[in-house]
Amino acid sequence: MPQLPSAAPLSWYLILSAILFVLGVAGFLFRRNIITVFMSIELMLNAVNLSFIAFSYQLGQNDGHIFSFFVMVVAAAEAAVGLAIILTVFKNRQTLEIDEISSLKN
Amino acid sequence: MQTSTETLLASQQLWLIPILPFLGFLLNGIFGKRLPKAAINVIACGSVLLSFLWVLKTLNALGSLETPYVEHYYTWIQSGTLNISVDFAVDRLTEVMLLIVTGVGFLIHVYAVGYMAHEGGYYRFFAYFNLFMFFMLILVLGANFLVLFVGWEGVGLCSYLLIGFYFLEKFATDAGNKAFIVNRIGDYGFSLAVFLIAIHFGSLDFGRVFSQVKDMPVESSPGWITAISLLLLVGAAGKSAQIPLYVWLPDAMAGPTPVSALIHAATMVTAGVYMIARSSQLYLHSAFALNLVAIIGVATAFFAATIGLLQNDIKKVFAYSTVSQLGYMFLGLGAGAFSAGIFHLMTHAFFKALLFLGAGSVIHALGGEQDMRKMGGLARKIPITCVVLFCAGVAIAGVPFTSGHYSKDAILDAAYTLSPWMFWLGTFTAFLTAFYVFRALFLTFFGEYRGTYGREPVHEHSGHGDGHGHGAIHESPPIMWIPLAILAVLSLVGGFINVPKFLEPMFKLSEGELPSFVSLGPMIAGLTGIGLAYVFYVLAPKVPEQLASAFSGLYVLIYNKYFVDELYDATVVRPVVDGSRTLLWRTADAELIDGTVNGIGRTASGIGGVLRLLQSGFIRSYAAWVVAGSITVVLVMALWGGSR
Amino acid sequence: MNFLILSLIKAAIVAFVLMTTLAYLQWIERKVIAHIQLRVGPRRVGPHGLLQPLADVIKLLTKEDLLPSHVNKVFYFLAPFIAVFFALIAISVIPFGTEINIGSFHTEMQLTDLNIGVLFILGLSGMGVYGVALAGWASNNKYALLGGLRSSAQMISYELPMAMAIAAPLLMLNTLSFRQLVDAQGGYSFGFIPHWTIFQGPFPQIISFLLFLVAAFAETNRVPFDLPEAENELVAGFHTEYSSMKFASFFMAEYANMVTVSCVATLLFLGGWQPLWPAQYGSNFVPTAVFIAGGLLCLYHGMNPARPFDRITLPIAGIVFIAVGAAFLAPIIGPILLPLFWFASKAGVILFLYIWVRGTLPRFRYDQLMRFAWTFMFPVAVANLFLTGLLVALT
Amino acid sequence: MDAILFLIFAGIAVICGLNLVLQKHPISSALSLVGVMGSLAVLYLLLGGEFISMAQLIVYAGAIMVLFIFVIMLLNAGTERPSRRRLWAQYAGVPLLAAMLAIAFYIIQRALPPSPGVHFGAFQHGNPFDIGIKLFENYVLPFEVTSLLILIAIIGAIVLARKEIN
């Protein structure tokens, strides 16, 4: 049985962030509910934040924290506007199916 | 007064003078549609009146302006050593101009209230009017060439807007375009001059520039001063309708009559004169430019006067007389008697504004009729207008003790000192002036009524005209004739204001003994002209036709304004038009540019047609594409050593 | 390992004390409200109904736990746990007193001293919304849903002013660890005015204290902000469909939140366990005096009782009281109990305030509630924060 | 100890993330996302980001996700119905994502120098004090810009979500 390292190496954090990011993309690709898709985006953002924090741990400076802080702020703004848009879309089309809302075509 | 001069000078708030009309413009321009006419009138006239009063207050506070008084507001351009700031300055010249602009301007505003009473676009008209006042005051107050240029362009714009006020008629818009384009030529010269000044003096401030010039020795002044002066002259000629750029002014009469009075007689067209007087130092340092000014002036005066002889449109007559009077002013300037030029500017503002307004009142009375051949015998029908117009007439004809007499004399004296032939030509022009002005007046007021308006109720509007349909010929309302009366008084007694004396600290008077005929000549010429006009058009109306048939060639030539328009059309306009049509449009634009653009468009749409297949409208497939793309990018970077 | 064991022991103690407090808080509330309404309140179970809480607990545990149909089971079960979890975990960063020093053994009267304790509390209070919202949504009942939506909206809205009200004193004390907060509030100006933030310069935090209290009432869904469980509108609000233990856990969560909030208010504004006036003026003898006075009172009533039963109970209580009062003077235990007393009394005052308000004030209307939050609380909080920051920066 | 904590919370995060993708009901997805965020907050703590982990709790879990849940409740969003339309994205998705993951692993393994493990408390600059210093000294302009952004977002949200008055 392999000996578990006493501390998780940085690469684990990065791999975790990669996994989460890919999960987010998967959610984006496979879910059809706008809100879920939106949440998948948030998941991706979180994954990126994790890698930011991990890197700033590695580099020993807290700029990464600042970046992820800004990411949070932007995410908040984005959520506010995005959800408002979703509300209006639902008001106009009575659906949350992302495939129904394809009038951008052609 | 003297003790507290500093504090007083410190706080004159000159900016209020132009800002007040600007506020009027904003109010009328923005809310005018909803405002009642009364409110519009109050705003329009009130703002101008206020700034007039403020001018009076300021000048009173400033007392005797031995040295110009400057107010600095803020630095506009600061690049390297060149420092251009927005300053306003007041000296005696500015003082005169301010009084003319605001005073006469106010009177014309009041008149316009009556004249435009039944026009469409009422608020628009007064908004433009106030805007014009704003720019004109900027022009007059500006303490450096750039600020002056701002006002210069601004008044050009307003002139364009107001000439084309009846933008539904083609000729009006055409006239507006003509004025604008011709002025562009002048402005081009002016801007070049400004650049040269900036280059050579490192400043545009009047004070600094002219003091530098003053220090230069007159005899060995460098060539570029002449260049600057000539370029400025081009600008002035454009704005003040001098040969060869005068052609726009007669057409500018397409605008409403108050516009002709305010812009194309009293204020804007004199901007060129003002500018040359302002930069007199430069001209004093280049004799050539100065002489050219004089020559252009006298030539313009003469030609315009001759054209004026045979015009039948009453406003056209006065338009040409304006051109010729401006020529007089230039003659005065060129003769070195800048103060005389300004003097004539003032008197001319009085009587020419009066002439136009009176003409307007006649037109108003005849429901828009402008052709003198359809007038006549109106003296009994509209007596007040008749009286005031005759006041103006005697003034412009230089009858003794009227304003025109003194200013014209001053100019002609200076002209004589410059060179006698100019004096004689000027005198002859004075005769012509008196002749055509009184021709117009006699045709209008004496003899039998030849028109149709007022006979049968239905009346055709020639061109625009006021749309109120009461048939009878009628005297104008008081709001129109009271300003006329004031102006009439001014144009009679305005000559006793000794402007040259007032301006002496700036422009030294030319002393020297002159032969007696120099002062008598113009007077006699004027009186002869009046008399001859009386003979021709009242006593023996047949004579003109006989003369016309006798000198038919000359008649045709003059009647068609020396074919100048046609000449320009042939030499300048059509070549340009054709050139641009064939070369620029057909070749460059249609072939080259359009071809390129369309080609790009076609390629793009072709590619798009392919890519369109990708754009299914399903966000998820877009996402899939993004993923695929990012994967490839990352792969490439990873494998080919992009990322370490 | 030592650390782990110690933490576990502490956790056990804290949990026990907290649970008892919650249970008896309920009893006290009923008593107080009863007296406000000129009733007697519970007195059947045990002397003066002292055993009522126990009975309640037994009842709630043994009651049938019925599961409504058409509920989303997972979240239906999850919601109460979330609620109670976040309510109880918050207590872990609250310090109750100074270090305990017995010989060579040192520890703090606190589970853990985070250097970001205040932020931690804020985060948890934000998470607490989920319990309510989920409960409302999962129980598939329009009243419950409305209650859930309302309460979550209300909590979100009042979190802002609360956070700002908290931030203002933090500006003055510039630390985020509760223990350091309290230490920073030690000492007295002019020798007798304590350096609590509501008294301390440059800008006494009275405004933010009031803001915090109001926001706290709203955060804990207490009267006058108990819209989520507005009986007359929404049956019982978000926990309409809940019964027995699940209902009890919501209940527990609410009271735990009350306790937490009162503790936070004490720590932030009332100087934690700092006594009201300095020790040299004998503030150390206050608890002794209080308890002994209470004991004597009980003894007196025991001597000439109102009911035969009191003949036994009251003297016992009195003796216990006097013993406790004596304990405050004991060499080792005294210094440990003294801060506890001050802390508990301050927190108790605020808790009493809760009950008092509930007994007296009517309920807001929902739109009034929201408007109050956004058009009054928020601007005032911002202004207060700004002013404090300005003054702190200037001094 | 650090490794165990990491594994626990990483496991929670991954499971919740999977749940987000697999669950058919938006509420479940939302809650699993909250789970991800919570575990990430703990991981931030492990990495020494005290402030940022609390911000994660307050902003993300406490505010943004509550907003999401709001909207879900408001629109009463039900479970997804199986779609009539099959997009190529769904077929191509799995291999694409697999490729993405593989590349990520490859690059992380290759690019990262062998580093000592992450020890709790090894990173000391994550406390609010240092963050504040950095934020208000080096990153003032972005900070102000984000505040502006938030203002715009508020206005936009209000304009979008308000009821049409007519």
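This is a short talk on the chains, contacts and a few odd backbone spots of a predicted model.

Okay, hi everyone. Keep in mind throughout that we're looking at a prediction. I'll go through two of the chains, then the contacts between chains, then the cores, and then some backbone details.

Let's start with chain A. Its secondary structure is 3 helices and 0 strands, so the pattern along the sequence reads α-α-α. There are 106 residues in chain A, and 56% of them are buried. If you take the contacts in chain A between residues at least 6 apart in sequence, 45% of those join residues at least 24 apart.

Now chain B. Here we have 644 residues, with 51% buried. The secondary structure comes to 26 helices and 2 strands. And for chain B, of the contacts between residues at least 6 apart in sequence, 81% join residues at least 24 apart.

Let me zoom in on one helix pair in chain B. Two packed helices are described by the angle between their axes and the distance between the axes. The pair I picked is H4(B), residues 92-115, and H11(B), residues 257-266. Their axes sit 9 Å apart, and the angle is about 165°. That makes H4(B) roughly antiparallel to H11(B), because the cut-off for that label is anything over 145 degrees. The crossing, by the way, is right-handed.

Who's actually touching whom? From H4(B) you get B:Ile100, B:Val104, B:Gly105, B:Ile108, B:Tyr111, B:Ala112 and B:Tyr115, and they meet B:Thr257, B:Pro258, B:Ala261, B:Leu262 and B:Ala266 in H11(B). Sorted by class, that contact has 10 nonpolar residues, 2 polar ones and no charged ones.

Moving on to contacts between chains. Between chain D and chain A, the contact takes 71 residues from chain D and 64 residues from chain A. On the chain D side, the elements that give two or more residues are helices H1 (2-22), H2 (26-46), H3 (50-75), H4 (88-111), H5 (128-137) and H6 (140-161). H3(D) has the largest share of that side, with 12 residues. The class split for the side of chain D that touches chain A is 51 nonpolar, 15 polar and 5 charged.

Chain D also touches chain B, and that contact takes 12 residues from chain D and 13 residues from chain B. On the chain D side of it, we're at 11 nonpolar, 1 polar and no charged residues.

Next, the cores. Which residues have the most contacts inside the largest nonpolar core? They are B:Phe132, B:Ala353 and B:Leu354, in a core of 209 residues. Take B:Phe132: setting aside neighbours within four places in sequence, its contacts are B:Val155, B:Cys158, B:Leu162 and B:Ile263. Then there's a second, separate core of 185 residues, and among its members are C:Ala87, C:Leu181, D:Ile131 and D:Ala153.

One more interior residue, B:Ile342, sits in helix H16 of chain B, residues 338-365. Is B:Ile342 buried or exposed? Buried, because it has 30 C-beta neighbours inside 10 Å, and the threshold for that is 20 or more. Beyond its neighbours within four places in sequence, B:Ile342 is in contact with B:Leu93, B:Val96, B:Ala277, B:Val499 and B:Leu503. Take B:Leu93 from that list: the two residues are 249 apart along the chain, yet their C-alpha atoms are separated by 8.2 Å.

Last bit, the backbone. As a reminder, most residues other than glycine have a negative phi, and most peptide bonds are trans. So here are the exceptions I flagged.

The peptide bond from B:Ile243 to B:Pro244 is cis, with omega near 5°. You'll find B:Pro244 in the loop between helix H9 (223-239) and helix H10 (248-251) of chain B.

B:Phe401 has a positive phi, near 70°, and isn't a glycine. That residue is in the loop between H17 (383-397) and H18 (403-418) of chain B. B:Phe401 counts as exposed, with 12 other C-beta atoms within 10 Å.

And in chain C, the non-glycine residue C:Leu38 has a positive phi of about 55°. Its loop runs between helix H1 (2-36) and helix H2 (52-62) of chain C. C:Leu38 is exposed too, with 6 other C-beta atoms within 10 Å.

That's my tour, thanks for listening.

How values were computed. Residues numbered from 1 in each chain as written. Chains lettered and ligands numbered in written order. Predicted model: local features only at pLDDT ≥ 70, side-chain atom pairs only at ≥ 80, totals over all residues. Axes fitted to C-alpha atoms, helices over the stretch in contact; angles between N-to-C directions. Helix = DSSP H or I, 4+ residues; strand = E, 2+ residues; numbered from the N terminus. Parallel < 35°, antiparallel > 145°, perpendicular 65-115°, else oblique. Left-handed = near helix turned anticlockwise from the far one by under 90°. Contact = placed C-beta atoms within 7 Å. Nonpolar A, V, L, I, M, F, W, Y, C, P; charged D, E, K, R; others polar. Core = buried A, V, L, I, M, F, W, Y, C linked by C-beta atoms within 7 Å.
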